[in-house]
Amino acid sequence: GLFGVPELSCPEGFQEAQDKALQESEQLVQKACSTPPGPEIVKIFDQLSDALCRVADLADFVKIAHPDFAFREAAEEACRNIGTMVEKLNTDVELCQSLRQLLADEVIMNSLDPETRRVAELFMFDFEISGIHLDEEKRKKAVNLNVRILDLCNEFLTGTHLPNKIDKHILPEHIRYNFIAEGNYLQVAGLHADCPDDLVREAAYKIFLYPNAEQLSRLEELLASRNSLAQLVGYDTFAHRALQGTMAKNPETVTQFLEKLSDQLSKRTQKDFEMMTKMKMKLNPRNSKLMPWDHPYYSGVLRAERYNIDPGLYCPFFSLGACMEGLNSLFSQLLGISLYAEQTQRGEVWSEDVRKLAVVHETEGLLGYIYCDFFQRPDKPHQDCHFTVRGGRLKENGEYQLPVVVLMLSLPPSTRNAPTLLSPGMMENLFHEMGHAMHSMLGRTRYQHVTGTRCSTDFAEVPSILMEYFANDYRVVNQFARHYKTGQPLPKNMVSRLCESKKVCAAADMQLQVFYASLDQIYHGKHPLQKSTTEILKETQEKFYGLPYVPNTAWHLRFSHLVGYGAKYYSYLMSRAVASMVWKQCFAQDPFDRAMGERYRREMLAHGGGKEPILMVQGMLQKSPSVEDFVDALVSDLDQDFETFITDS
């Protein structure tokens, strides 16, 4: 059976697994309601969470990645049914009462250890979001809003990807071949950001981002519904609700962070735009005004012109085997951990090229399993991601339930003449996703509800982004990057060139992220919104980005992150700031420092989401970082490394 779950040897097994989980959860609900206040209540709640997550998390992965449609469909159905059960439990007054009694008993609460106390509070938070503390009528309203929001999210997400059609005669004949023809129409399915022809990029931008009335009303209803729900359950805005328990803590801090960062970036961004404008003038003298469709293309041109970083030069040094050896060696030196390939049983994996790795500590033994689904295949989504399939927890019998995760990448397969070769970007992504996997393996919490990466969004990316710093350090890369034919190591100046090339136009790229994050904050801030969502887009773009808004375009209707990262799009920038501080302070001197590796595990990885994120950061940095510290960390990463600059000159 899939992942060694016996029921899942066929699609019908999802029904069986789901029925078992629902049965077990009903027994646990009865147990919770009849148990007196004490730590036992938190354990029962966590068992309940585990029973449902064991099926839901696994199904979440299978519905996306399994090549067999019947498996995908069965998993989708299981997700829906478990979701319905979770909704029901979140509005179960009696169940909530058993937890509330515990939280109200000061004597017992003070006797609990911090992790147990935090987990109890997190469960209560889930109840309150569903409006459990409201009267019958308002509670019904909260449930209906939750259901409506879920539907709107799915509809909006679908709408962000749909292509736009245009009568082909509107476009000049010589550029039509860039788009898919459908009778008299052309289909525009994306921004064509890498196309060297300015006219193609301009056409794609104006057509793909042309406003769609249905999508606009979906977004408006989604934002209004989120706001209504937040206010119904006692928050000023949806952003206040979403940021509870995060590193930032509240929208005011996020706004301060984004505004200060924008101020620090503005001069550098201006310089970047000037360089891009010059390049555009050189290549296209007739029309040299820099527009939003130019930024990704001309920053790439500048990068390529200044540093010869053709991926073809690098790939031969980054065979998949070499990269995995590099990770193994790094984890072994830093954390005392090794990765071992393990034989899978029949039916355990969903594709024969999936590899199973056992994660083993030199003294603690087996910590968990990573399934590596690394290769392209038809129908497989093109996204690099990390899935928790089973969370770790301390079981009732005293044994530890081992965590199980999947890493999904889209690498090219090996050929007759060469192994799988990774571009520098793919290599960095592999390191990034492995950062998440290590968090899952080492976030060995007592409770499944806060295991591994189940932590606040603005902290969850820290371990993965930190791994990118290791992937860009010559001392680390030099341990494994070897030419697959000759065994020659990757020359140091090639690594330096690669690192420095990433700083070309990096301020403008970061400014773009600040614009997206600010837009997200305003949309989820005070309602009713002062203006239409499109007018807000125009104003925010002019204030936080600098390139002009293009009339009759609606980029926000393609902003899919508004669904999964509502009010939290800033998280990536804040995580990067923390990762940068940790790297500079703890690993830049010696990326293999075992004492620092142990401190990193102890202070940051070990707690999963069982400790307040800012406390974990304080433990690692041995100081409490301010908003200014976050901004300085991001901005100092943009400075060119002097040594490289001299050697390259």
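**View 1. The largest cavity of the predicted model has a volume of about 90 Å³.** The model is predicted, not experimental. Three cavities of 30 Å³ or more are held in the structure. The lining of the largest cavity is made up of F331, L334, L335, G435, M438, P463, L466, M467, F470, F587, Y600 and L605.

**View 2. Four helices each supply at least two residues of the lining of the largest cavity.** These helices are α14 (320–335), α15 (424–442), α17 (462–471) and α24 (594–605). With four residues, α17 gives the most to this lining. By residue class, the lining of the largest cavity has 11 nonpolar residues, one polar and no charged.

**View 3. E87 lies in helix α3, which spans residues 69–90.** The relative accessibility of E87 is 30%, so E87 counts as partly exposed, between the cut-offs of 20% for buried and 50% for exposed. E87 and V143 are 56 residues apart in sequence. In space, the C-alpha atoms of E87 and V143 are 7.8 Å apart.

**View 4. Residues 643–649 have pLDDT under 50.** For this stretch, the model has six contacts beyond four places in sequence. Predicted coordinates should not be read in detail where pLDDT is low. For the protein chain, the mean pLDDT is 95, and 99% of the residues reach 70 or more.

Conventions. Residues are numbered from 1 along each chain as its sequence is written. This is a predicted model: local features need pLDDT of at least 70, side-chain atom pairs count only at pLDDT 80 or more; totals for chains, interfaces and linings use all residues. Side-chain values use heavy atoms; hydrogens and water are left out. On a 1 Å grid over the protein atoms alone, a cavity is a set of points where a 1.4 Å probe fits but cannot get out, and a pocket is an open set with protein on both sides within 12 Å along at least five of seven lines; lining residues have an atom within 4 Å of a point. Grid points are joined across faces, edges and corners, and a volume is the space filled by probe spheres set on the points. Ala, Val, Leu, Ile, Met, Phe, Trp, Tyr, Cys and Pro count as nonpolar, Asp, Glu, Lys and Arg as charged, and the others, Gly among them, as polar. pLDDT is the predictor's confidence in each residue, from 0 to 100. Contact means heavy atoms within 4.5 Å. Buried means under 20% relative accessible area, exposed over 50%, partly exposed in between (1.4 Å probe, protein chains only).
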